[in-house]
Amino acid sequence: MWAERTSHISLSGIREMFALAKPNAINLGLGQPDFDTPAHIKEAAKEALDAGFTGYTPNRGFPELIDAIAHYYGQYGIHANQEQIICTSGGSEALHLAFEALVNPGDEVIIPDPGFVAYSPLTRVAGGIPVSAQIKADDDFRLQPSTVADLITHKTKVLVINSPANPTGAVQRYDELRGFVELANDHNFYIISDEVYDRILYTGEHVSAGSIDSDRVIVVNSVSKTYAMTGWRLGYAIAPDTIVEEMLKVHQYIQACAPSISQKAAYAALNGTQESVRSMVEEFMTRRNAMMEHLKEIAECVTPEGAFYVFPRFFTSDTSLDLTKKLAQEGVIVVAGSAFGRFGEGHIRISFAASQQAIDRAFQIIKKLISM
Ligand SMILES: Cc1ncc(COP(=O)(O)O)c(C=O)c1O
C-alpha cells in the first residue's frame, strides 16, 4: 500500500526507550545539550521578529549568514564562496539533500556502524543500499581507511564519515581523513562529512575532511549542538557549487528556505561571543571524566574525545536492548548500541547531556543492576 521508500524504513530505536521508562526516570538518552540557547542569540531572534523578518529568504539562505558560515569554516581551512554553501532545516535536511543529489537506485553507500541513526534510512529513501563499515573498539572507534577500501565496489557512490562521532565520541585523525579522500578520488565516489559536533571536542583541533584537496566532499554541519539550538532547525552544507546546485533544487521544492528567524539567530551565534561554547564544553568534559570514573569498574569503555556520549560495553550477558529495557524499568534511560547498527550490539550509548547530580544518581542504579 505504501511506497517502498517509507515502508522499508522504521522509526528510530531511540524513541522506544522513552516509551518504556517510568515517570521521573533519569534521562541519559538525549542527543541534545541540556543547556539553553545563549541569551544574545535569543535576543537576535526577538529583534528579527520585531523587525518583521518573517518572510521567505533567498533559497540558499540570506547572504550575510552564508558569509558568516564561510568565515566560520575559514578556521578549518575551507574558503567557500556563496555558491558553495546552502542553509537547511538542520543538519538533518542537509544530509537528506546530499543523499538525494548523489544517490541513484542501486548505488551503495558506505556508512559507519555503529553510526548516527539517520544514515541508513536516508540511503534507503534515496533508493540506495547501505553498506556497514564496522568501527571497532580496538581502533578507539575510529573508522579505518582499510575497512572502507575492502568494501568498495563499482556501485559505491558515497562514504559517510562523522567526526566527532555519534554514538562513540571518536575523533578521526588527519591521516585517516586523508585516506578516505584519496579513496574517493581514486574510486570516483563522494564523501558526506557530518561535522555537527565539530566544536564539542576535548582534545586537539577539529579537522574537516572538506579541507583536504578534493571536489568530492560535502561537509554537513548545523548550529544545533554547538549553540544548544536543536529546536531552531538550522544547518548547512558546504560542497562544490555543482553539487550545491543539485541540493538547492530539492531544497527549493521541499523547504523553500530555512526558517527566517532561525537564520538570524544562527548569524548571531556564528558572529557573536563564543564564551557559551567554551563553558559548555568545559562542563561536558567534567561530566565525561566523572562518567569514565563511574564506568571503570563495571564496563570497558573507550574515552570519548568529542561529542557528549560514552559507548561502554558492560560486563553482563544481556543483549544491549535487554539491558536498556531493564535500566528503563529501574528509572534510567539510555540507548541500546544496536540502535546504531548491528556492530553496536553489546554496547550502550549514555549521554552526558544531563546534570552531574543526575549522572551520579543514574550510576548508583546502573551499578546496582550490573552487580545483580
Ligand atoms: C551525527 C549527527 N548528525 C546530524 C544530526 C542532526 O542534527 P540537526 O538536524 O539538529 O542539525 C545529529 C543529531 O543528533 C547527529 O548526532
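The sheet in this predicted model is an open one of seven strands, and its order is β2-β8-β7-β6-β5-β3-β4. The pairing is mixed. At the edges are β2, residues 85-88, and β4, residues 129-134. Each of these two has a single partner strand, so one of its sides has no neighbour in the sheet. From one strand to the next, the twist averages 20°.

Take one edge in more detail. Strand β3, residues 108-113, runs parallel to β4, and six bridges join the two. Within that pair, I110 sits opposite V131 of β4. As background, strands of a sheet pair through backbone hydrogen bonds, either parallel or antiparallel.

What lies across the sheet strands? Helix α5, residues 90-102, lies across β2, β3, β5, β6, β7 and β8. Against β7, residues 217-222, helix α5 runs at about 160°.

Now to another helix, α13, residues 356-370. With 15 residues at 1.5 Å a residue, α13 should span 21 Å, and its end C-alpha atoms are indeed 21 Å apart.

Which residues of α13 are buried? They are A358, I359, A362, F363, I366, L369 and I370. Looking down the helix axis, these buried residues fall within an arc of 130°, so they line one face of α13. The general point is that an α-helix has 3.6 residues a turn, so residues three or four places apart point the same way. On the other side of α13, the exposed residues are Q357, Q364 and K368.

Last, the packing. The buried residues of α13 pack against three strands near the end of the numbering and others, including β1 (26-27), α11 (275-295), α12 (320-330) and β14 (348-351).

Technical notes
Residues numbered from 1 in each chain as written. Predicted model: local features only at pLDDT ≥ 70, side-chain atom pairs only at ≥ 80, totals over all residues. Heavy atoms only, no water. Pairing = 2+ DSSP bridges. Helix = DSSP H or I, 4+ residues; strand = E, 2+ residues; numbered from the N terminus. Axes fitted to C-alpha atoms, helices over the stretch in contact; angles between N-to-C directions. Contact = heavy atoms within 4.5 Å. Expected span 1.5 Å × (residues − 1). Buried < 20%, exposed > 50% of the residue type's maximum accessible area, 1.4 Å probe, protein only. Arc of directions from axis to C-beta.
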